[in-house]
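Subject: Structure handover

Hello,

Here is the structure we spoke about, with the sequence alongside. My notes follow below.

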Amino acid sequence: MKIAVVGAGVSGAYLLNRIPGEHQVECFERRPEDKWYTVCAWGTSEPFIKDMFKSAGFDFEKYVLHRGKKMTVDLGTEQFEIKLKGLVTYDKHALTHDMIEGHNMHWGSHVTEVDGNFSDFDIVVDATGLHRALLPKIENDIVIPSLEYQVKSKELPYDDFYIRPYSGLSGYYWFFPLGEGMGHIGAGDYFGKYRGELDDFVKKYHCEVIRKIGRPVRVSPPLYCQPFTSGKVVGVGESIGTVYPMLGEGIIPSMQCADIFVEHMDDMKGYSEAVLKKFAVYAKVFKFIKAKLDGNFSLASYWPTLLSVFFYMKRNETRYGLQTKLMDLFRVLNA
Ligand SMILES: Cc1cc2nc3c(=O)[nH]c(=O)nc-3n(C[C@H](O)[C@H](O)[C@H](O)COP(=O)(O)OP(=O)(O)OC[C@H]3O[C@@H](n4cnc5c(N)ncnc54)[C@H](O)[C@@H]3O)c2cc1C
């Protein structure tokens, strides 16, 4: 088959290395190579992701910047610590770039429709993330605006992961260490509550700002991002909602989605079913976050959903790289 991968983010780049060699693959990225960047805080779970990268031929360990021991959760009135079980930051930009190297790339190709240029392709993958450039628009799509600075300072106040959730589960403020006096400070919030906070941090801790980046994160789960296919177009990654809504975590799920695509390349109905099955729990999590955002949340009615989400996180501590306690979940919910 001849396959076009549109978008060279983590899902597109990973896919380039997972599609079996007998197929002909070309990648189209809207940014020119020197302006291309991976907007992200670069946090992920090492024990889980390293095997995925191994299967794509990459040694994840080489890209690790900081191995976390604890995450401080600051609720304003109180702070507590979550023990980490493999949460790290890694140089996502370098690793994604290495995944692209050697592939047939069309940099600076902003694809907005599947026109005559794609007539000889059998499949066109929409891996354009938030843009979802080639699939029908999602009705009532929920995206969380976010902003992030990469900073450097000798006076950074934290030496490990730190988050401060905003009330009502509408988002959080983060510090993710990158080693050698560097870090990502950022914030994502449905109501944009973080305005000014990053600049205050920069001033207070005399930071050099290396890069300012930002884009909204899609938290609508796959269930609400259908259709996943349209003609010869197939969505993979954040374009079809593979972001864990509670954390805004999209690296691993986008790669998992790419793997599901590879397993079902000749069966798009099977692909859609497998994606919905794999990410069914995301729809549950989204349901109670949406209820919180809309002010319709009551513990009595959402208790069973909450409990099943807790058990899911508990079973998947290595997947998320952190220890999960029911009490911690309640503390954040009530903050
Ligand atoms: C501020 C921020 C921090 C985050 N932090 C984390 C984190 O720490 N850990 C985590 O797991 N997740 C994090 N996420 C989420 C994660 O980064 C994304 O979910 C993940 O990168 C999605 O991968 P993707 O390949 O599907 O899309 P993207 O990474 O968005 O890649 C899409 C690519 O498509 C290209 N493109 C777009 N439109 C077109 C077009 N029309 N034609 C051609 N190319 C196009 C873009 O330029 C881009 O290169 C964060 C997100 C944000 C915004």
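Which helices and strands each supply at least two residues of the shell around the ligand? Please keep in mind that this is a predicted model. The elements are helix H1 (10–18), strand E2 (24–29), strand E3 (43–45), strand E11 (146–152) and helix H5 (251–263). H1 gives the most, with three residues.

The ligand shell

In total, 41 residues surround the ligand. The closest are Gly7, Gly9, Gly129, Gly237 and Gly250. Sorted by class, the shell holds 19 polar, 15 nonpolar and seven charged residues.

Helix packing around H1

H1, which gives the most residues to the ligand shell, packs against two helices that I looked at.

The partner in one pair is helix H3 (residues 92–100). The axes of H1 and H3 are 8 Å apart, and the packing angle is about 40 degrees. H1 is therefore oblique to H3, since an angle counts as roughly parallel only under 35 degrees and as roughly perpendicular from 65 to 115. The crossing of H1 past H3 is left-handed. On the H1 side the contact is made by Val10, Ala13, Tyr14, Leu16 and Asn17, and on the H3 side by Lys92, Thr96, Met99 and Ile100. By class, this contact of H1 with H3 has six nonpolar residues, two polar and one charged.

The partner in the other pair is H5, one of the elements that supply at least two residues of the ligand shell. The axes of H1 and H5 come within 9 Å and cross at roughly 40 degrees. That angle makes H1 oblique to H5. Here the crossing is right-handed. From H1, the residues involved are Val10, Ser11, Tyr14, Leu15 and Arg18. From H5, they are Ile251, Ser254, Met255, Cys257, Ala258, Asp259, Phe261 and Val262. By class, the contact of H1 with H5 has nine nonpolar, two polar and two charged residues.

Val10 and Tyr14 of H1 appear in the contact with H3 and also in the contact with H5.

Backbone geometry

The peptide bond between Gln226 and Pro227 is cis, with omega about 5 degrees. Pro227 belongs to the loop between strand E16 (217–218) and strand E17 (229–230).

Two residues other than glycine are worth listing for a positive phi. Arg132 has phi near 45 degrees, and Asn140 has phi near 55 degrees. Arg132 sits in the loop between strand E9 (123–126) and strand E10 (143–144), and Asn140 lies in the loop between E9 and E10 as well.

Is each of them buried or exposed? Arg132 is buried, because 22 other C-beta atoms lie within 10 Å and the cut-off is 20 or more. Asn140 has 7 other C-beta atoms within 10 Å, so this residue is exposed; the limit there is 12 or fewer.

A contact across the sequence

Gly108 is placed in the loop between strand E8 (105–107) and E9. What does Gly108 contact, leaving aside its neighbours within four places in sequence? The contacts are Arg31 and Pro32. Gly108 and Pro32 are 76 residues apart in sequence, yet their C-alpha atoms are 4.2 Å apart in space. Gly108 counts as partly exposed, because it has 14 C-beta neighbours inside 10 Å.

Regards

Technical notes
Residues numbered from 1 in each chain as written. Predicted model: local features only at pLDDT ≥ 70, side-chain atom pairs only at ≥ 80, totals over all residues. Near = placed C-beta within 6 Å. Helix = DSSP H or I, 4+ residues; strand = E, 2+ residues; numbered from the N terminus. Nonpolar A, V, L, I, M, F, W, Y, C, P; charged D, E, K, R; others polar. Axes fitted to C-alpha atoms, helices over the stretch in contact; angles between N-to-C directions. Parallel < 35°, antiparallel > 145°, perpendicular 65-115°, else oblique. Left-handed = near helix turned anticlockwise from the far one by under 90°. Contact = placed C-beta atoms within 7 Å.
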